[in-house]
Amino acid sequence: MCRAAWLAGLLLSAAAWLPAQDGKLHVIAFGAHPDDCDQQAAGAAVKFRALGHAVKFVSVTNGDAGHQTMGGGALAKRRRAEAEESGRRLGITYEVLDNHDGELLPSLAVREQIIRRIRQWNADIVLAPRPNDYHPDHRYTGVLVQDAAYMVVVPNVCPDTPPLRKNPVFLYYEDRFQKPAPFRPDAVVDIDDVFEQKMDALDAHVSQFYEWLPWVDGRLAEVPKDASERKRWLAQVYGAAPTPAVRRALEKWYGAEHAAKVRHAEAFEVCEYGHQPSDAELRRLFPMLK
């Protein structure tokens, strides 16, 4: 792309950042599979919704390979229904795209799917995995969202969908990977008060959290049969305490006294693409940080 267009993009990104005309923040989160967004951002989604903002989860694949005994169309149908139930429990919109699980590539066609979803949602915040994840579908979801980060404002790209007039803030989910660089928690949300609601969302993905993932980890025999005991087990498995880096970020946003008490948090790193927010803008983007 020519230098003039690049400079125009910088000016657009640096323009005064304001929420959509309806006064709501519009948050869209991308995951590779129909349970990924829930794991990384369900708590923050509940908090955004409680404040009246608009949240959408998008699974870039249909999840048709993620099970030890099921597969294909039957599994895709099951996982789509689980995602819809999770969305109902969270009070958000949940869309599952019809790309095959385990076969995702950063193609132009899928990039255009991502561009259109970001534009249609009039996104202020875009969440996605970092492109150095262990799973190729996760990695390529990160790449696809990065590749969309400038193109969402270019009118001649996907001209059937009106371009955004401001570039959103793109952020990554927290992960444990150290190379090429460790995750940096730029914004951290205390989710202790909505942790049970997050577990309700994960609980909706029965095929994953009670069947497939325990089977992969060799822990299937540990999963309780009773529904209430099963949810308690889920909270133990997916209720890890904040890392030291996340704890320090909690202190920045909430103060040391509050941060010391937090048991569960969701953290996000600002991507170098898209609008680059100041700390004051991050507080406006994450109005629950108080």
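Buried here means under 20% relative accessible area, a cut-off worth having in mind for the close-ups below, all taken from a predicted model.

**View 1. Ser86, a buried residue of helix 3.** Ser86 sits in helix 3, which runs over residues 72-90. Its relative accessible area is 0%, so Ser86 counts as buried. Setting aside neighbours within four places in sequence, Ser86 is in contact with Asp38 and Tyr94, and also with Ala201, Ala204 and His205. Two of those partners, Ala201 and Ala204, turn up again among the buried residues of helix 6.

**View 2. Helix 6 under its cover.** Seven of the ten residues of helix 6 are buried, so the helix is mostly covered. Going along the helix, the buried ones are Phe195, Lys198, Met199, Ala201, Leu202, Asp203 and Ala204. What lies over them? The cover includes helix 2, helix 3, helix 7 (206-216) and helix 8, plus strand 7 (265-274).

**View 3. Helix 6 crossing helix 8.** Here we zoom in on one part of that cover. Helix 6 (residues 195-204) packs against helix 8 (residues 227-237) at about 110°, and the two axes are 10 Å apart. Angles of 65 to 115 degrees count as roughly perpendicular, and that is therefore how helix 6 and helix 8 stand to each other. On the helix 6 side, the contact is made by Phe195, Met199, Asp200, Leu202 and Asp203; helix 8 brings Lys231, Leu234 and Ala235. Sorted by type, the residues of this contact come out as five nonpolar and three charged, with no polar ones.

**View 4. Gly239, just off the helix pair, in the loop between helix 8 and helix 9.** Helix 9 covers 244-254, and Gly239 is found in the loop leading from helix 8 to it. Leaving out residues up to four places away in sequence, Gly239 touches Phe195 and His264. Gly239 and His264 are 25 residues apart in sequence, yet their C-alpha atoms are 6.7 Å apart in space.

**View 5. Phe57 and the largest nonpolar core.** This core has 52 residues, and those touching the most other members are Phe48, Phe57, Leu127, Leu171, Val189, Phe268 and Phe286. Which helix gives the most to it? That would be helix 2 (residues 36-50), with seven residues. Apart from this core lies another one of 28 residues, including Val60, Ala128, Phe170 and Tyr172. Phe57 itself touches Ala29, Cys37, Asp38, Ala41, Ala42, Ala45, Leu90, Ile92, Thr93, Tyr94 and Glu95, once residues up to four places away in sequence are left out.

**View 6. His138 and its link to Asp36.** His138 lies in helix 5 (residues 136-151) and has a relative accessible area of 12%, so it is buried. The side chains of His138 and Asp36 are joined by a polar contact of 3.3 Å. Besides Asp36, and leaving aside neighbours within four places in sequence, His138 is in contact with Ala32, His33, Pro129, Arg130 and Asp133.

**View 7. Asn99, a loop residue reaching for Val60.** Asn99 has its place in the loop between strand 3 (93-96) and helix 4 (108-120). With a relative accessible area of 15%, Asn99 is buried. Its side chain reaches the backbone oxygen of Val60 at 2.8 Å. Not counting residues up to four places away in sequence, Asn99 touches Val60, Thr61 and Asn62, together with Leu104, Val110 and Gln113. Val60 is also one of the members of the 28-residue core.

Terms used. Residues numbered from 1 in each chain as written. Predicted model: local features only at pLDDT ≥ 70, side-chain atom pairs only at ≥ 80, totals over all residues. Heavy atoms only, no water. Core = buried A, V, L, I, M, F, W, Y, C linked by side-chain atoms within 4.5 Å. Buried < 20%, exposed > 50% of the residue type's maximum accessible area, 1.4 Å probe, protein only. Helix = DSSP H or I, 4+ residues; strand = E, 2+ residues; numbered from the N terminus. Contact = heavy atoms within 4.5 Å. Axes fitted to C-alpha atoms, helices over the stretch in contact; angles between N-to-C directions. Parallel < 35°, antiparallel > 145°, perpendicular 65-115°, else oblique. Nonpolar A, V, L, I, M, F, W, Y, C, P; charged D, E, K, R; others polar. Polar contact = N/O pair within 3.5 Å; in protein donor to acceptor, adjacent residues only side chain to side chain.
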